[in-house]
Amino acid sequence: MKIQERTGAGVGRSAAPAQPSVGDRLPTPPRERKPALAALAVLLILVGALGATMLVLQAGDRIEVVKVTAPIPAGGSVSKSNTTSVMVAKDDSIHYVEWTQLNELKKLKAVNAIPAGVVAVGEMFGSEAGVAAGKATVGLSLKAGQYPTGIKQGDTVAAYRVSSATGSGNSNNNSSSSASSNSVIADSARVSYVPGPKDSGDEIVGSTNLAVTLTVDSDKAADLAQAASNGEVALVKVPGNSGN
């Protein structure tokens, strides 16, 4: 009796529908391969690696060039006091002036005013500097006391006509004559040239005078030149100079 019941129970269980096992999954469609995207990714990697390599190579190919450290007016020249050396990446399309060429560069003139902080290139200099329209340059030879101490290229100065003429006549007349002769010739002139303390060959041996070249308005040039030839010019620094 017991055997029959067990048999019947076994028959009942085998008749139930079989459950799928946990590990079974429905079939999935095969993944679509995209060779074009893979090739593009590889290409981008190669381009990036090539660009990084070029940057490294350019950074390693550097040259020592001239950098301007103080303003140079039109017609001015470079010297060791207004330049320094810097390293830059070599570029054949830019006409850098190499530091080894500084002595040759001193013989040339600035074609136009050059601000401080720029790297010198060949186009900035020439054998002769151009003078702006309405301007003229006048050379002066000044004694001590006729110019301010520390005057330098690029300074803004006023040029005065001075007279030391004295006479035995009426002192009042002499005073009024002196006052009339002491007048402003140019109230805003630019120092285009003055010997630098570190420059060699600029000083005239045996001369105590200072050679100064001024750039002034054209209508002031004649009066300034006449006064300079008579030794009747004194310079005074005026507002407009950097660091004043």
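Trainee: In this predicted model, is Asp155 buried or exposed?
Mentor: The relative accessible area of Asp155 is 3%. Buried means under 20%, so Asp155 counts as buried.

Trainee: Which residue forms a salt bridge with Asp155 at 3.2 Å between the closest N and O atoms?
Mentor: Side chains of opposite charge can pair when their charged atoms come close. The partner at 3.2 Å is partly exposed, with 41% relative accessibility. That residue is Lys152.

Trainee: Which residues are joined into one network by salt bridges that share partners?
Mentor: Asp155 also meets Lys237 in a salt bridge, 3.6 Å from N to O. Asp155 lies in the loop between S5 and strand S6, while Lys237 is in strand S9, 82 residues apart. The network consists of Lys152, Asp155 and Lys237.

Trainee: How far apart are the closest N and O atoms of Lys135 and Asp217?
Mentor: These two side chains form a salt bridge, a contact that requires nitrogen and oxygen within 4 Å. For Lys135 and Asp217 the distance is 2.7 Å.

Trainee: Which strands does the pair of Lys135 and Asp217 link?
Mentor: Lys135 is partly exposed at 35% relative accessibility, and Asp217 is partly exposed at 33%. The pair links distant parts of the chain, 82 residues apart. Lys135 belongs to strand S5 and Asp217 to strand S8.

Trainee: What is the area of the nonpolar surface patch that includes Leu44?
Mentor: Leu44 is in helix H2, residues 35-60. Its relative accessible area is 57% and exposed means over 50%, so Leu44 counts as exposed. With Leu37, Leu40, Leu43 and Val47, Leu44 makes a patch of about 490 Å².

Methods: Residues numbered from 1 in each chain as written. Predicted model: local features only at pLDDT ≥ 70, side-chain atom pairs only at ≥ 80, totals over all residues. Heavy atoms only, no water. Patch = residues over 30% accessible without salt bridge, like charges linked within 9 Å, V, L, I, M, F, W, Y side chains within 5 Å. Areas by Shrake-Rupley, 256 points an atom, 1.4 Å probe, with all protein chains shown as cover. Helix = DSSP H or I, 4+ residues; strand = E, 2+ residues; numbered from the N terminus. Buried < 20%, exposed > 50% of the residue type's maximum accessible area, 1.4 Å probe, protein only.
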